[in-house]
Amino acid sequence: MLLGSVLNPINSTIIAVALVPIGRALGAPASQTAWLVSALYLATSLGQPVMGRLIDLFGPRRLFLLGTGLVGVAGVVGALAPNLGVLIVARVLLGFGTCAGYPAAMALVRSEAERTGRDSPGGVLTALAVANQTIAVVGPLLGGLLIAVGGWRTTFALNVPLAVAAVLLGVLRLPKSAGTPRSPRRGSLIAQLDLPGMGLFAAMLVSLLLFLMNLHLRDWYLLAISAAAGAAFAVRELRARTPFIDLRVLGGNTPLLATYGRALVAYVVAYAFLYGFTQWTEDGFGLTPFHAGLAQIPMFLLAIGVSIVSGRSGSVRGKLLLGAVGQIAACLVILTLTGDSPLWMLLVVALIFGVPQGLNNLALQNSVYFQADSERTASSAGLLRTFAYIGSMVASSATAASFGQHADTGGLHRLAWVMLGAGVLYLLLTLFDRSLGRTGATDARAAT
């Protein structure tokens with residue numbers, strides 16, 4: 001399950017150092033290669049809650065095997081792609097294929113807790129967070145190494161052996177019954193899936209994300225479509241016997257909604273740094289893709305250490321506050337950078353970002369585990385990823401708008417102001433959320 005859950009972050013981050021080489025090879029500017037980021041998150045934002053709902057209904061094994069198999073197919077398509085359009089298709093396939101790993105892992109943790117009567121998943125949740133953080137941060141370094149050895153196509157080909165390993169391990173090791181509901185739900189399969197609800201959710205999310213990808217007043221109709229689809233979705237879900245997303249339960253769970261809001265703004269900062277700062281180190285500062293990955297080693301090492309150490313503590317609020325302060329501090333340092341800055345300044349920025357990188361994902365993940373309805377653990381975990389990916393889409397749009405045709409220092413500073421605003425909002429959402437103390441207490445009791 002750890003291997004399955006890291007397929008998404010490895011594809012999210014490895015592309016960061018490949019955007020410039022792909023653009024040069026295919027003659028595409030930064031504003032077009034940004035679609036390689038947006039396409040994956042568009043597919044994943046939609047696919048995560050859908051896959052999570054399917055896992056809640058039918059258990060993780062089948063969906064895990066189907067999803068990881070699709071990852072292998074996408075790897076082949078991307079490695080052989082003749083143009084940018086086919087590469088974007090490959091990224092969409094990767095987005096849908098990588099949706100199953102994380103919700104399936106969360107569902108298995110919950111089912112094992114119920115089977116054994118020991119709801120103490122702190123170590124497992126920390127392992128998931130560390131694995132995802134490790135891959136997320138080491139991705140640019142790995143991508144730079146692969147590009148140096150075999151070119152940018154190797155960043156897509158890597159998915160083939162990873163998918164084969166995940167499928168084989170899933171067939172051999174995943175229990176067939178784990179995470180499956182104990183009693184079948186009433187009604188037909190179509191009623192259980194709530195296909196109309198899924199369709200309206202897809203229309204709402206796709207139109208919203210398309211608007212966020214290229215913010216402009218001329219695209220106001222996309223926002224109108226999203227609002228109309230959202231209203232129809234709310235009416236549908238409030239009337240459905242087995243809704244895709246139970247809005248009654250979700251609407252009454254204010255702490256969980258606050259967690260989703262924090263995830264959105266936290267990942268605006270995280271992904272703007274991952275993509276925007278990395279592109280600037282290559283275009284604006286002059287590093288090679290491999291050296292751009294090396295420059296993030298301090299973040300890689302510190303994030304792992306922070307996740308492991310903080311995983312022993314049940315204080316969710318403390319992790320979130322420190323993570324918010326770390327993001328704000330890093331953004332302020334970025335505002336001082338120029339193309340003539342010493343290399344050690346870039347390493348300092350990466351080092352500072354290591355603190356929130358190691359804290360935020362762990363704290364948000366633990367919050368959802370203890371705040372979500374136990375029967376909807378996988379779909380709630382999928383929604384956490386959806387809000388994170390909406391944040392990544394905002395980051396991608398802000399990065400494209402800030403840089404335009406070239407990732408220069410002026411564009412980096414414009415992006416840093418956007419990141420700083422999101423970081424301050426994240427801090428405020430944490431400071432004024434009184435429910436975080438109760439979540440931390442619950443987490444601490446479960447860990448003892």
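**Buried helix positions and the nonpolar cores**

T386 touches S45, Q48, P49 and L205, leaving aside residues up to four places away in sequence; a contact here means heavy atoms within 4.5 Å. The model is a predicted one, with local features needing pLDDT of at least 70 and side-chain atom pairs counting only at pLDDT 80 or more, while totals for chains, interfaces and linings use all residues. Residues are numbered from 1 along each chain as its sequence is written, and side-chain values use heavy atoms, with hydrogens and water left out.

T386 sits in helix α20 (residues 377-403); helices are DSSP runs of H or I, at least four residues, numbered from the N terminus. With 2% relative accessibility, T386 counts as buried (buried being under 20% relative accessible area, exposed over 50% and partly exposed in between, with a 1.4 Å probe and protein chains only). Q365 tells a similar story over in helix α19 (residues 343-371): its relative accessibility is 1%, so Q365 counts as buried. Its partners, again not counting residues up to four places away in sequence, are Y102, M106, L125, L128, A129 and L384. Q365 and A263 are 102 residues apart in sequence, yet their C-alpha atoms lie 9.5 Å apart in space.

Turning to the core, the largest nonpolar one has 118 residues, and I15, I22, Y275, F277, I334, F353 and M419 have the most contacts inside it. A nonpolar core is a set of buried Ala, Val, Leu, Ile, Met, Phe, Trp, Tyr and Cys residues joined through side-chain atoms within 4.5 Å. Helix α15 (residues 254-283) gives the most to this core, 16 residues in total. I15 touches I22, L36, V37, R91, F156 and Y275, not counting residues up to four places away in sequence. There is also a second, separate core of nine residues, with I10, A131, I135 and I304 among them.

Helix α15 also meets helix α3 (residues 19-26): the two axes come within 9 Å and cross at roughly 60 degrees. That angle makes α3 oblique to α15, where oblique covers whatever is left after under 35 degrees (roughly parallel), over 145 (roughly antiparallel) and 65 to 115 (roughly perpendicular). Axes are lines fitted to C-alpha atoms, for helices over the stretch in contact, with angles running from 0 to 180 degrees between N-to-C directions. On the α3 side, L19, V20, P21 and R24 meet Y275, Q279, E282 and D283 of α15.

Terms used: Helix = DSSP H or I, 4+ residues; strand = E, 2+ residues; numbered from the N terminus.
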